[in-house]
Amino acid sequence: MAKDMTLLWGSGSPPCWRVMIALEEKNLQGYNQKLFSFEKKEHKSKEVMAMNPRGQLPAFKHKDVVLNESYGACMYLANQFKSQGTKLIPDCPAEQAMMYQRMFEALTFGQKMGDVIYYTYKVPEGERHDSAVKRNREALTAEIKLWEGYLQKGSGSFLAGKTFSLADVVVYPSIAYIFRFGLCEERYPKLAAYYNTLKNRPSIKASWPPTWLDSQGQDTLKDI
Amino acid sequence: MAKDMTLLWGSGSPPCWRVMIALEEKNLQGYNQKLLDFAKGDHKSPEVMAMNPRGQLPAFKCGKNVLNESLAACMYLENQFKSQGNKLIPDCPAEQAMMYQRMFEGLTFSQKMGDVIYYTYKVPEGERHDSAVKRNREALAAEIKLWEGYLEKGSGSFLAGKTFSLADVVVYPSIAYLFRFQLCEERYPKLAAYYNSLKVRPSIKASWPPTWLDTHGPEMLHDI
C-alpha cells in the first residue's frame, strides 16, 4: 500500500504537512518520499514538474493515480483507506457537517495568512502599498479571532467537535504555521492550547517539519 | 428532507449555483430558498448575517446544520444522501482521484477568474496597477488553456472521466461564468462543447441563473 505511494514535499508547507498527517493517521507509514527546498526553487525542478505540471508541492502519487491538491489527497486517503487507521470522517451528521464547514473555511484562513506572510513574494515591488499591507493584516487578525472563537464555543477540543477529524488534519498545519511566524500565544489562548496539545499526537509528531526542529521562526505575526 | 433545508443565494454566483446543482442531482427539490441581490448589498443584510456571520452567499442550512461553504455543502449532501438521486462520487479509485483533483484545482481556477473579473471590486483605486491587471489576465489565460487541455485529453466527456461527478457540480458554474463574461467559444472549443452540452442536463437547466436568461454578460473575457 504505502510502498505504492510517493510524496514530494517541502518542510513546513501546510499543504504538504496535511498529506503527511493523513498518511500517518491511516497507518500508511513507509511511503516513498523526497524533501525539496522552496528556497532553492526546487518546486520548479524537472522532477516535480513531471509529477505536477503546476510546479507546486505536494505532489502525491498512488500507483497510477496522481493527486496534486492536498485536500484531494487527504479526502482520497480517507475514502480509500476507511477501514484502517483513524476514522477521519465522523458518521454523526452534525459533526460531519462541522468538519466540512471548518475544512473549507480553512481555505479562507490560509488565503488571508498567505496575503500577509507571502506579500513581498506575491506582489512585485512597484505594486506594493502600505494600505494593502495594513488591510491584509487587519483581515488576518479578524480571521484569527474567528478561529479563536470557534475553539472557545466548540463542543469539544477538536475542530469538528469531540473527535479528531479531517478538519484537524487539514487545519492544524496552518495553525502551527501562524505560531511559527510569531503569533502571540497569550493573546490567543484557545488556539495556543489546540496547537500545543496536538503537538504530541503521534501523526503530528512524526511529521513535524524537520527544518523547524532546531531553528526559530520569524516574528511577522508578533503584533497581530 | 428538502423541507428541512434552506438556501440563501445570489443569481450567477458559482458557489451558490454549485449547491443548487447538488440539491437537484440528489432529488432534493422543494428546499426553502431566497434569492438575494449582491448589487443591493443583500449579502450583508441581518438575514444573511444571522445564518452566515461572514456575510457571504451561499448560506445553507440542513436541519440544524449550517454549511456556508459551497464545497462543504456539496460534500455533505453527497454523503448524507448517497442512496438517492445520482451518485456523485465514483467508486473507481482512478475516477475518484481525478474527481478530487479537478474539484480542488477548480478552486485555483475560480481564484484566477476572480482576480480578473472582480479586480476593481477587490482592489481600492489607489492600489490598482496596469501591470497587475495584465498579469492576472495572463494567469487566467494560462489556467483556461490548462482546462481546455484537461477536456481534450480526458478519458470521457466529464471532468473525472466517463461519469458526471462532484467535479462537474463544482466546476461547471465557473466554466459557465467564463462564457457569461464572453470567453470566445471558437478559441476554446472543448470548454465550449462541455458548457453547451451540460446546459441541458436537468439539474443545470433547473438551476440556471434567472438573471442570465434575458441578458448578455459583460465582455470582460472576450480577448482572453
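Start in chain B and select strand S1 (5-10) and helix H1 (14-25): each of these gives at least two residues to the lining of the largest cavity. The model is a predicted one, and a search of the whole structure turns up one cavity of 30 Å³ or more. Its volume is about 30 Å³.

To see the cavity wall, show side chains for Trp9(B), Gly10(B), Ser11(B), Gly12(B), Ser13(B), Trp17(B), Met20(B), Ser207(B) and Pro209(B). What classes of residue make up this lining? Four are nonpolar, five are polar and none is charged.

Before leaving chain B, colour by confidence. The mean pLDDT of chain B is 96, with 100% of its residues at 70 or more. The model as a whole scores ipTM 0.96 and pTM 0.96.

Next, select the residues where the chains meet. Chain B contributes 36 residues to the contact and chain A contributes 35 residues. Together chain B and chain A bury about 2,800 Å², with 50% of that area on carbon and sulfur atoms. Which three residues of chain B should be picked out here? Take Arg54(B), Phe104(B) and Glu127(B), which supply 22% of the area that chain B buries against chain A, more than any other three residues.

Now go to the second largest pocket, which has a volume of about 680 Å³. Its lining counts 30 residues, and those closest to the pocket centre are Met98(A), Gln101(A), Arg102(A), Tyr150(A) and Val66(B). For the surrounding elements, select helix H4 (93-117) and helix H6 (130-153) in chain A, then helix H2 (46-51) and strand S4 (65-67) in chain B; these are the elements that give two or more residues to the lining. H4(A) provides the largest share, seven residues. Colour the lining of this second largest pocket by class and there are 13 nonpolar, nine polar and eight charged residues.

Finish with chain A alone, hiding chain B. Colour domain 1 (5-80) and domain 2 (93-213) separately, following the division of chain A. The C-alpha centres of domain 1 of chain A and domain 2 of chain A are 20 Å apart. How many residues of each domain are in contact with the other? Select 17 residues in domain 1 of chain A and 26 residues in domain 2 of chain A. Between them, domain 1 of chain A and domain 2 of chain A bury about 1,800 Å², and 72% of this lies on carbon and sulfur atoms.

Note on methods: Residues are numbered from 1 along each chain as its sequence is written. Chains are lettered from A and ligands numbered from 1 in the order in which they are written. This is a predicted model: local features need pLDDT of at least 70, side-chain atom pairs count only at pLDDT 80 or more; totals for chains, interfaces and linings use all residues. Side-chain values use heavy atoms; hydrogens and water are left out. On a 1 Å grid over the protein atoms alone, a cavity is a set of points where a 1.4 Å probe fits but cannot get out, and a pocket is an open set with protein on both sides within 12 Å along at least five of seven lines; lining residues have an atom within 4 Å of a point. Grid points are joined across faces, edges and corners, and a volume is the space filled by probe spheres set on the points. Helices (H or I, at least four residues) and strands (E, at least two) are DSSP runs, numbered from the N terminus. Ala, Val, Leu, Ile, Met, Phe, Trp, Tyr, Cys and Pro count as nonpolar, Asp, Glu, Lys and Arg as charged, and the others, Gly among them, as polar. pLDDT is the predictor's confidence in each residue, from 0 to 100. Domain bounds come from an automatic or database domain assignment. Contact means heavy atoms within 4.5 Å. Buried area is the accessible area (1.4 Å probe) that two parts lose on being put together, summed over both.
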